[in-house]
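Reader: Hi! I have a structure open and could use some help reading it. Can we go through it together?

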Amino acid sequence: MAQAKDYPSPSVRRLRIFSFDPALAAQYDLAGVSGVTIEIPWEDNLKPGPVGEYIEVIDIDPGSEAAYAPVDLNEPALLATDGLQPSESDPRFHQQMCYAVAMKTIEHFERALGRKALWSSHRSEQGTRFTENYVPRLRIFPHALRQQNAFYSPRKKALLFGYFSSSAKDGRSTPGTTVFTCLSHDIIAHETTHALLDGVHPRFNEPVNEDVLAFHEAFADIVALFQHFSYPGVLRDQIARTRGDLARQSVLGQLAQQFALASGRGDALRSYLGKVVDGVWTPVKPDPTVLQQTSEPHDRGAILVAAVFGAFTKVYQARTRDLFRIATEGTGVLRQGDIHPDLVGRLAEEAQRAADRALQMCIRAIDYCPPVGITFGSYLRAIITADYDMNPVDRQNWRLAFIESFREWGISPQGTRSMAEDSLLWPTEQDVIQEQVKREQAQVKHGQKRAGNEHKQATYELGSFGDVASATQRSQSAMRKIFNVAAPAQADEFYSQKIARAAPSQQSAKPENVLTPAGLSMLRFDTWVDADKQAAWFHSWLMDEDWTWLSRALGLVVEVGNLPTTIAARRASRANIEVHSVRTAMKQGVLGWPEQHMVVVLTQWRAGYFDKDKQRTKDREPGAWKDMARDFKYRAGCTLLIDPEGMEIRRVIRTPGTVADEDELDRMRRYLLDGLTPPNAFAGVGERFGDTTEPFAFLHSHGGA
Amino acid sequence: MNVVTKSKSKAKSAPKSKKAKGKAPADAALALKPPPGGAAVRMYRIGHGDCFLIAFAGESSEKPAFVLIDCGYKPGSPGKLEQPTKVKEIAQHIIATTGGFIDVAIVTHEHQDHVNGLTSGNFPGLKVGKVWFAWTENPKDDIANQLRKKFKDRLLGLIDARANLMGLGKNSVADDLKWYLEFELGEEADEFNGNEHRPAAGKDPAASANKIAMKFLRDCAPGDPDYLYPHEKVRAIPGARSARVFALGPPRDIDKIDDLDPIGDETFGDDSHAMGAAAGAGTRESSKTSPFPRRHLIPLDQAFTDSKFGDFFTNFYGAADLVVNEADDGKEIPTNATWRRMTADDAADAGALALAMNNATNNASLVLAFELSKGGKVLLFVGDAQAGNWRSWADDKFDDDGTTVAVADLLGRTVLYKVGHHGSHNATLKGKAGSKQPSLTAMAKGEHAKEFVAMITAVEAWAHQKPKPDWNHPLPAIKHALLEKAGGRVLQTDSSLPSKPVGGGAAVWQAFVNRVTETPLYFDLMIEA
């Protein structure tokens, strides 16, 4: 802020949006609440478009060979009236709505994750070098397609929304009228979530198991749903109208479906929240066997949404039980007619609060997920661990509600002994050290001197991990090193490129090239450069002796030895480890004070072949990982959550197997060959992994599977 | 990936199983003779495509009733067989076996790999008693005419779109389109006229190879073809003693045939069912087609030079001819980067529309259940029917002279299933136990489970080869399900007779092997009454 301002800067900007798409509104009931005013963070120099810090809305319509004038939300006339009046026929309102809902979604993400949101970088090949560029703003094309479709394009870093003519058979809208997907709150929130998730975990696009695509869809639906619930006023009207029995979940579940139907995305949510039986909407009972029988991404995703929604309902019910007791004076039966407006207000408030909390829990869990191959079970662990790290004491029993609801729907993580909260937490540094010590000692007992047999552990001397006490000490010194000692010179070209981008840092007490938590007031571009720079330092530390030792416990393979040569290993004896980025986030600590933590995502890959015999041969061929004729890439790794103050690893989140694990490789192979539903009869197996694929376009279109 | 292992001829040859080497078209010993009251099914190994000759027990034991179902293949696929075949030889073989007269000739649907063998060159002097088509071919049926118009419009629109895409250099999408168009036309699309695209050769899609094949077959029979409607009365097979046929599909409901909804129904301004302008087309009044009132509209070609907003669009998007270099490593991307603009592929999804058209034609397949005798075994030929078609089978029951016959009953008695669409995704519904929907699970119940055989008309080597897109035919998941259901009794065009699977009963397997004859040109399967 160069010049002094005459008036204090506002903190929020109020903008009007449609809460339900008027063209698709299922019933007259919803017409009354079709518009709502939401508050989004104020941006000082918002340019016409709108073009701001995070979003740029460019309204070009190739299907009509037209462009539409950009709206200037800083016009005094618009500022005074909370933006343009909701209108289907003014494209400038469409731009306003896209901007508002997208910014709201970003706000939720930043609040939950405790850091500024970055979009995934643009990568390109120039000659022989890879270049990475910073993408400042997500682009939104409100009228991009003439299809009943809307999707996030990872290649263009853009959201493309479609519009179409409604047909005569679609009873919900007048035939011949145009339906715009960019006017649906849920669709905008859904697509923005895809973009945000892509920025945090770019590898979540790769469908390596049946849960990955389903997860992306379900997560986006969850965010859209709870975000919708969290707008003041939207629920109040509905709760008042749908006076019901004491099974209050039917109201919210029904609402959720109506929202989805009205946004044109009813199909996915419809089956697992409730059904209309004899004209009466009844909630669906959770069925733990359904998950095993379902393989289609939308259906599987719907189960996850139902499980999260079930958890939300449980807590909501518990919180409103006392209100009902008061209102019915203990009889449990509400009197006839409308329920008291105060009661309505309180119920709506509870629902809104619960929705907000549930949303935060779900988004926060993203940092606690393994880097690739997310499964519903590991997402549950992520939710529980993330919430535990934030509030160890859970007075409202949110975590219990999640565990119970997931169990009712048959979702359970692999590899855990029970569904009790403490067995679901991801391990800490201490836990993994103890585990590794025990495992090696057990193997030594069985007479193995060097690893490298059936489970293909790295070739180091078993037992050299040491006992718990010495191992703990060694890991502590390893951690302290990276925070205090300058990182060793970076030999890898790819990473030294990252270091070269950053300007030398200003004066600081600490020496250069040391892992440093980034300040949260940094500009987003600087944060991006810094994240990469830190990643490069982290990478060079991984080659250090102490870290090579520690990586055994972290689920990484550093020394290749006589492991399969299909493991990517640019240098002769050391496997490649990709350090995606090192991000610093703020979270609420145990005492309620803000604490920093750093998130480091590490992955490795291995060339995979569909034919097992071919795989075996290639595993022994030197330099086999470079073979371009490989059928797929099998990835594994871990996410580390590091406490910079205490200089320790708070959580270690590993994929089910290391990159050397044969069972996991085989599981991925079998999934790709047998399990992956092709988008249509003419799609090849590798099509979902290509550079030119648009993974979300197929998922959302109606012409697909 | 070929899961079926090759049989070892020496070990497995039982006395009755023959494996003749070399081609012997006029060999009397290879005539198609059904067992009494039963049927003999000959699956010709024509390539990646269907060609079936069935002989039903006729009035006299000397003269069976011959039924031909489809005759087509994807060009290039016969050459990929281990012992390549030629369509001309197959056609000659058919004429020799049937004596030049086929009682009933059936075409399930108008796709290249089901009809392109039907030419006067291949079948000189062929005579047919009756030709059977699906009701979708009936020129007097209103719904059929509606479908045909929609299809024709889509086809023309796609021919145009493909020409545009090639003009813009978008070769990969244009290639995908090429394959879909080839199915529909029966030949390469380049020379055909679209709505706007008029190449030098200027061929009319109404006179495509597929259309000519259909006409040829129609002309081989005296009188008009029969158009089969689903769930009509049970039809007797002319010339057969007891065999009858039930038509299960295609459904009369357009929605079940046409997967895509609502695109193609209504468009902006234009009357056609094809999509709106593909990028790069000439000037047209865009106010007609934009969904917004004219006052909000800035024509795209003027947007970049507009007095008020030209800068905005130039800085944040860039005109089509504005080439923007990539930024250096580590820098912010340019605001009007070229790779961020929209392309023809995004705005009008030609690929999806072409796929939908293909699906619709597949879904309009005639689905026939041949019953050997009243209450007897059933042979199920589904053409390329996909999910929408399958689900419609159980919509109604059959009235068989007073007795009601449910489709579930017919499926339960099915002992032969001609796998839909080369075993690809969505053309075989697997189904759950106890579900009411027609599916693989509903077939071959009780006693019949031991006899159940599946036939897959696919040449995997051809389906997988580049440079054409990689097609996963048959889909491994579906193939596994079929192998499991049929206890390993799955015959595929490109594979030899399979060997007995582990764990199966030896007697049951031997019974199967005894019924099968394999030659490089065909598989014969005998089905007792």
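Reader: Thanks! What area does chain A expose, and which atoms supply 51% of it?
Author: Happy to help! In this predicted model, chain A exposes about 27,800 Å². Carbon and sulfur atoms supply 51% of that area.

Reader: And what percentage of the residues counts as buried?
Author: For chain A, with its 705 residues, the figure is 60%.

Reader: Okay, new topic. How many helices and strands are there in chain A?
Author: Chain A has 21 helices and 17 strands.

Reader: Which strands make up the open sheet of four, and in what order?
Author: The order is β14-β15-β16-β17 in chain A, and the pairing is antiparallel. At the edges sit β14 (578-588) and β17 (648-654) of chain A, each of which pairs on one side only. On average, neighbouring strands in this sheet are turned by 20 degrees against each other, direction ignored.

Reader: How many bridges are there between β16 and β17 of chain A?
Author: Six bridges, with β16 covering residues 632-643. If you'd like a residue to look for, C638(A) has R654(A) in β17(A) as its bridge partner.

Reader: Cool. Now I've clicked on S551(A). Where is it?
Author: S551(A) belongs to helix α18 of chain A, residues 545-551.

Reader: Is S551(A) buried or exposed, and why?
Author: S551(A) counts as buried because its relative accessibility is 1%, and the cut-off for buried is under 20%.

Reader: Which residues is S551(A) in contact with, leaving aside neighbours within four places in sequence?
Author: Those are L556(A) and V558(A).

Note on methods:
Residues numbered from 1 in each chain as written. Chains lettered and ligands numbered in written order. Predicted model: local features only at pLDDT ≥ 70, side-chain atom pairs only at ≥ 80, totals over all residues. Heavy atoms only, no water. Helix = DSSP H or I, 4+ residues; strand = E, 2+ residues; numbered from the N terminus. Buried < 20%, exposed > 50% of the residue type's maximum accessible area, 1.4 Å probe, protein only. Areas by Shrake-Rupley, 256 points an atom, 1.4 Å probe, with all protein chains shown as cover. Pairing = 2+ DSSP bridges. Axes fitted to C-alpha atoms, helices over the stretch in contact; angles between N-to-C directions. Contact = heavy atoms within 4.5 Å.
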